[in-house]
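Open your viewer and get ready to select a few things one by one. At each stop, you will read what to pick and what you can find there.

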Amino acid sequence: MLDIQLLRSNLDAVAAGLARRGKPVDLDAFRALEAERKAVQTRTQDLQARRNALSKQIGIHKAKGQEAEAQAALAEVGTLGEALKAAEAELDRLLEKFHAVLAALPNLPQDSVPDGADERANVELKRWGEPRRFDFTPRDHADLGEALGQIDFAAAAKISGARFSLLKGGIARLHRALAQFMLDTHVNEHGYTEIYAPYLVNAASLFGTGQLPKFEEDLFKVPRGEQEPLYLIPTAEVPVTNLVRDEILDAAVLPLKFVCHTPCFRSEAGSGGRDVRGMIRQHQFDKVELVQIVHPEASPAAHEELTRHAEAILEKLELPYRRVALCAGDMGFAAARTFDLEVWLPAQNVYREISSCSNFEAFQARRMQARFRNAKGKNELAHTLNGSGLAVGRTLVAVLENYQNADGSVTVPAALRPWMGGLEEISAA
RNA sequence: GGAGAGGUGGCAGAGUGGUCGAAUGUACCUGACUCGAAAUCAGGCGUAGGUGCAAGCCUACCGUGGGUUCGAAUCCCACCCUCUCCGCCA
């Protein structure tokens, strides 16, 4: 959520930032709504103040036994009733509308974010690693896995439906090893605290990180009869970042650094026809997520640091990748700046997103009321960041495709072998 | 699933219709005392919004949302959460 004071004091700057994201703001409509809000709020508060004063007088008169004065005040307050009720109702309506508008506005891009409307305008910042030269035609992970008898899309479709996968044997173990390797690396080498978190969360948590109210159709919703529904998490970002919702932290505990491995559930509404083959786009996938809660001054450096932590995983696995700065039009709703990491997939001959590292500044913190006590003793919104470190399913895809051999077996990356019981190669059982 | 208790300021904890945004304690800040500190004493100390050059004034907030009333922390309804006992359970 954007700072309401910023909108009131510098609406043109806000509109300019949102326009970069392709979200033009109707300035006249906003100003009209704000003017109306101000007028109605002032009128309402005047009426409330009058009522409160009279009610107080009634109490005093009754306490003193001044029945006549009490009756006079009672009569006067009665004349306020209708106008007050109408004013309060009108104010409620306006504030609700105001908050709905505010909650639907995305974050402002940082100045360094490149202009552009979609991913074609993203800017490559660096490349790491040399894509391997194959002396045979590399197969994609779906072919490889099915040939090895260790990825079974048909079984997953029977059990659940489209966009699920079932892993067996060596590849299932590889999947588990990747998650463990990532967790251990971030805990032991990067200073993160491991978190195990709920996979079902309430609506308030999803509002806090920005998935609600705008993106409900992307989520799996679990109804519970009379009780409030819960939602399957689309990313560990939601439970982990909401750890600090409605908290006032001691500044000394910052930065908080959490790492959490969870399955992620996405309905992929509106993705019809895209990436239908293989494990690239699934309703369920595992991800190891990095989350940092930091002092506002520290967030740009933390963003670089967190991105490097994600890159370290790719480098240890010796998977070629590039870092891309998302342009203003391609960034997620809550992000002020985002780096995507894209891994090389030889079968498709493309770099493919495997991690997204974002600085949300105070946008999520304001929605969550996540604050810390600053040096002056005042409560101040923290900055939040997160990034995939990494998406486990897509890392599995990258390992299979980059480490495949001519005979259809897959070499286990050296860095991963300690988590594979020393196994060096995955081949048909 | 059944029965019961409870949610008040950073924390603890009073308050059951009327000068209550809320006693008291504690933590914290400022000042006095001190060479300094502790102890003691005095004052300050919630959040959000409106208005004003400012001091200030005003409004809302006692888990959340409704309702009753001239007036609600206090009464009524629903929901959320916590705890205790019983049952079931990985």
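Start with the protein surface near RNA strand B: its residues divide into 5 nonpolar, 10 polar and 10 charged. Keep in mind as you look around that this is a predicted model.

**Stop 1: around the RNA**

Select RNA strand B and show the residues that surround the strand; there are 25 of them. The closest are Arg-8, Arg-37, Lys-38, Gln-41 and Gln-48. Which parts of the RNA strand come within 4 Å of the protein? Of the atoms of RNA strand B that do, 75% belong to sugar and phosphate.

Now zoom in on three individual contacts. For the first, pick Arg-8: an N or O atom in the side chain of Arg-8 is 2.4 Å from a phosphate oxygen of RNA strand B. Next, pick Gln-41, where an N or O atom of the side chain is 2.7 Å from a sugar or linking oxygen of RNA strand B. Then move to Ser-55, where a polar backbone atom is 2.9 Å from a base nitrogen of RNA strand B.

Zoom out and colour the elements that give two or more residues to this surface: helix H1 (4-9), helix H3 (27-64), helix H4 (67-103), strand S5 (227-232) and strand S12 (371-373). Which of them gives the most? Helix H3 does, with 14 residues.

**Stop 2: salt bridges between two helices**

Side chains of opposite charge can pair when their charged atoms come close. A search of the whole structure finds 26 salt bridges, and you can visit some of them now.

Select Arg-50 and Glu-76, whose side chains meet in a salt bridge, 2.6 Å from N to O. Arg-50 is in helix H3 and Glu-76 is in helix H4, so this pair links distant parts of the chain, 26 residues apart. Are these two residues buried or partly exposed? Arg-50 counts as partly exposed because its relative accessibility is 38%, and Glu-76 counts as partly exposed at 36%.

Now select Arg-51 and Glu-88, which form a salt bridge with 4.0 Å from N to O. Arg-51 lies in helix H3 and Glu-88 in helix H4, so the pair ties together parts that are 37 residues apart in sequence. Arg-51 is partly exposed, with a relative accessible area of 27%, and Glu-88 is partly exposed as well, at 26% relative accessibility.

**Stop 3: a buried salt bridge and its network**

Jump along the chain and select Glu-311 and Arg-323, which form a salt bridge; their closest N and O atoms are 2.7 Å apart. Glu-311 is in helix H10 (residues 299-316) and Arg-323 is in strand S9 (residues 321-325), 12 residues apart. Glu-311 is buried, with a relative accessible area of 0%. Arg-323 is buried too, because its relative accessible area is 6% and buried means under 20%.

Keep both selected and add Lys-126, Glu-304, Arg-308 and Glu-315: salt bridges that share partners join these residues with Glu-311 and Arg-323 into one network.

**Stop 4: aromatic rings**

A pair of aromatic rings is described by the distance of the centres and the angle of the planes. The structure holds 8 aromatic pairs. Select Phe-181 and Trp-419, whose ring centres are 5.3 Å apart and whose planes are at 70°, so the pair is edge-to-face. Phe-181 lies in helix H7 (residues 169-188), while Trp-419 is in the loop between strand S15 (410-411) and strand S16 (425-426), so the pair ties together parts that are 238 residues apart in sequence. Phe-181 counts as buried at 2% relative accessibility, whereas Trp-419 counts as partly exposed at 28%.

Next, select Trp-344 and Tyr-351, another edge-to-face pair, with 5.1 Å from centre to centre and 65° between the planes. Both of these residues are buried. Then select Phe-215, Phe-333 and Phe-363, which ring pairs link into a cluster.

**Last stop: charges over rings**

Go back to Arg-37, one of the closest residues to RNA strand B. The charged end of Arg-37 sits over the ring of Phe-98, 5.9 Å from the ring centre. Finish at Arg-367, which lies over the face of Phe-207, at 4.1 Å from the ring centre.

Key
Residues numbered from 1 in each chain as written. Chains lettered and ligands numbered in written order. Predicted model: local features only at pLDDT ≥ 70, side-chain atom pairs only at ≥ 80, totals over all residues. Heavy atoms only, no water. Near = heavy atom within 4 Å. Polar contact = N/O pair within 3.5 Å; in protein donor to acceptor, adjacent residues only side chain to side chain. Helix = DSSP H or I, 4+ residues; strand = E, 2+ residues; numbered from the N terminus. Nonpolar A, V, L, I, M, F, W, Y, C, P; charged D, E, K, R; others polar. Buried < 20%, exposed > 50% of the residue type's maximum accessible area, 1.4 Å probe, protein only. Phe/Tyr/Trp six-rings, centres within 6.5 Å; stacked < 30°, edge-to-face > 60°. Lys NZ or Arg CZ within 6 Å of the ring centre and 35° of its normal.
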